[in-house]
Amino acid sequence: MNREQEKIIEALFLDLYPFLVKYADSVLNNFALAEEAVQETFAVACRRADVVCESENPKGWLVETLKLIIRNTERRQISANKVISSFAEYSPILAAAPADHIDLTALYGNIANTKEFKLMYAVAIEGHPFLEISQKEGISVATCRKRFERARKYLQKKIR
Amino acid sequence: MSEKKGRPEYARYEAQSTEELQEILRKHAHNEIQIEMDTEELFYIMEVLSERNNQTPEQIAKTTQDAYAAFREHYMPKENSTAGKTTAKVFSARWMKVAVAAVVALVILCVTTASAQAFGVDIWGRFASWTKEIFQFQDASQHDQGKDPEKENNLELKSLQDALDQYNITQKLIPTYLPSGYTFADINVFDSPREVSVSAKFNRENDELIISIRQTIGKVPEQIEKSDKLLEVYTIGGVDYYIFSNTETLQAAWVVGEFECQIIGKISVEEMKEMINSI
């Protein structure tokens with residue numbers, strides 16, 4: 001990406017960001033995840049700067065890319081939710097407890113104490129974006145994503 | 001930006017509730033809207049929703065500026081200059097490890113060679129024939145043949161990479177080498193709430209070559225067909241590539257994280273390995 005392309009993408013970001021977040025939030029129902037989806041959309045735009053900057057309809061391109069990112073996010077949430085719920089031991093009392101009073105170990109067993117489970121839980125159940133988790137952990141967003149993928153793999157093996 | 005100026009045909013959206021407008025956007029995102037929507041119309045709806053937040057233009061501008069700063073810091077792909085600094089650090093650390101390993105290897109080699117020669121074993125001869133075999137595999141004529149078409153093939157393969165880029169899939173999954181004579185035919189993308197699969201087809205006269213990448217989110221990767229004969233498990237970069245053959249085609253299958261990848265086509269084992277090496 002050259003300087004000129006960077007300027008074009010910056011202008012698009014500053015112009016369209018609040019609106020694209022509205023779009024993503026309408027689908028994801030999670031403002032933080034919506035913001036992250038838009039950020040990721042612009043990251044794709046940077047990697048494909050030649051296409052975006054030469055597009056006759058860059059706004060349309062951004063919306064179409066955002067749609068794909070949103071669907072990726074939805075798939076990630078669904079699958080992580082599935083992994084988490086596969087460890088749950090059914091208990092109507094625990095299930096009815098307020099979210100901040102759930103005893104994770106009682107509900108999910110010892111696996112709830114592993115760092116892999118905690119990361120998966122933060123993403124899937126609590127709906128935290130990668131940026132928030134990465135800042136808390138003092139790591140980059142990319143590293144956080146990798147850890148998430150490794151955690152999913154680890155937990156899927158445990159299910160089997 | 002204001003899409004609302006001079007667009008009275010979309011003014012009807014002002015009268016709709018926030019929930020109704022959100023539902024329109026949700027349906028659009030899931031391709032559930034039958035009628036093609038204009039980009040300007042979509043942005044009009046987003047702007048109506050944005051205005052209902054009761055934020056001042058200054059507040060919106062501040063939030064956006066902050067988001068852009070976060071984007072630059074955390075999401076924007078890094079430029080080469082920054083990457084260079086990191087590489088230099090990594091290189092110096094790696095260089096030290098390599099240097100230490102080389103010294104250790106040299107000491108071991110000297111000791112074992114002396115012992116082997118004492119027992120009448122020509123260790124140097126064996127080493128030479130082993131390296132000769134390796135060099136024969138990638139001889140100069142093959143290398144020259146591969147050079148220019150490889151650049152062309154990169155262009156053919158670009159469309160497949162573009163499809164992955166569009167999904168923000170950054171893992172290295174696609175070969176950059178394509179066997180001689182194959183040209184890009186078409187690309188298929190299947191996108192459902194449970195999986196994404198991208199496959200590209202290449203043709204060479206009557207032959208066909210398919211590269212497919214499937215994101216197996218939350219699923220155990222599918223088992224490879226047992227009907228095909230397993231030729232070998234080719235391991236490179238910590239990844240096992242299962243190479244199978246049947247009467248007509250050769251197939252390589254491997255799994256990287258949540259991605260299940262396959263190459264199927266009428267190619268030789270050497271061409272298949274060349275493709276795998278280029279990933």
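Student: What does the rule find across the interface of chain A and chain B?

Tutor: The rule finds 2 salt bridges across the interface of chain A and chain B. Keep in mind that this is a predicted model.

Student: What makes the meeting of Arg72(B) and Glu6(A) a salt bridge?

Tutor: The N to O distance between the side chains of Arg72(B) and Glu6(A) is 2.9 Å. The cut-off is 4 Å, from a side-chain nitrogen of Lys or Arg to a carboxyl oxygen of Asp or Glu. The pair Arg72(B) and Glu6(A) at 2.9 Å therefore counts as a salt bridge.

Student: How many residues of chain A and chain B are in contact?

Tutor: On chain A, 51 residues are in contact with 51 residues of chain B. Phe19(A), Lys22(A) and Arg75(A) supply 15% of the area that chain A buries against chain B. No other three residues supply more.

Student: How much area do chain A and chain B bury between them?

Tutor: About 4,900 Å². Carbon and sulfur atoms hold 58% of that buried area.

Student: How many disulfides does the rule count over all chains?

Tutor: The count is 0 over all chains. Take Cys46(A): the nearest cysteine sulfur belongs to Cys53(A), 8.8 Å away. A disulfide needs two cysteine sulfur atoms within 2.5 Å, so Cys46(A) is in no disulfide.

Student: Why is Cys46(A) called buried?

Tutor: Cys46(A) has a relative accessibility of 6%. Buried means under 20%, so Cys46(A) qualifies. Cys261(B) is buried too, because its relative accessible area is 0%.

Student: Why is Val233(B) called partly exposed?

Tutor: The relative accessibility of Val233(B) is 38%. Buried ends at 20% and exposed begins over 50%, so Val233(B) falls in between.

Student: Where is Val233(B) found, and in which patch?

Tutor: Val233(B) lies in strand S4 of chain B, residues 229–236. With Leu230(B) and Tyr242(B), Val233(B) forms a nonpolar patch on the surface. Together the three have about 230 Å² of accessible area. Val233(B) can belong to a patch because its 38% is over the 30% cut-off.

Student: What elements does chain B have, and how do they run?

Tutor: Chain B has 7 helices and 7 strands. From the N terminus the order is α-α-α-α-α-α-β-β-β-β-β-β-β-α.

Student: What share of chain B counts as buried?

Tutor: Of its 279 residues, 33% count as buried. The accessible surface of chain B is about 17,300 Å², with 55% on carbon and sulfur atoms.

Key. Residues are numbered from 1 along each chain as its sequence is written. Chains are lettered from A and ligands numbered from 1 in the order in which they are written. This is a predicted model: local features need pLDDT of at least 70, side-chain atom pairs count only at pLDDT 80 or more; totals for chains, interfaces and linings use all residues. Side-chain values use heavy atoms; hydrogens and water are left out. Patches are made of residues with over 30% relative accessible area and no salt bridge: like charges are joined within 9 Å, nonpolar side chains (Val, Leu, Ile, Met, Phe, Trp, Tyr) within 5 Å. Accessible areas come from the Shrake-Rupley method with a 1.4 Å probe; for residues, only the protein chains shown count as cover. Helices (H or I, at least four residues) and strands (E, at least two) are DSSP runs, numbered from the N terminus. Buried means under 20% relative accessible area, exposed over 50%, partly exposed in between (1.4 Å probe, protein chains only). Contact means heavy atoms within 4.5 Å. Buried area is the accessible area (1.4 Å probe) that two parts lose on being put together, summed over both.
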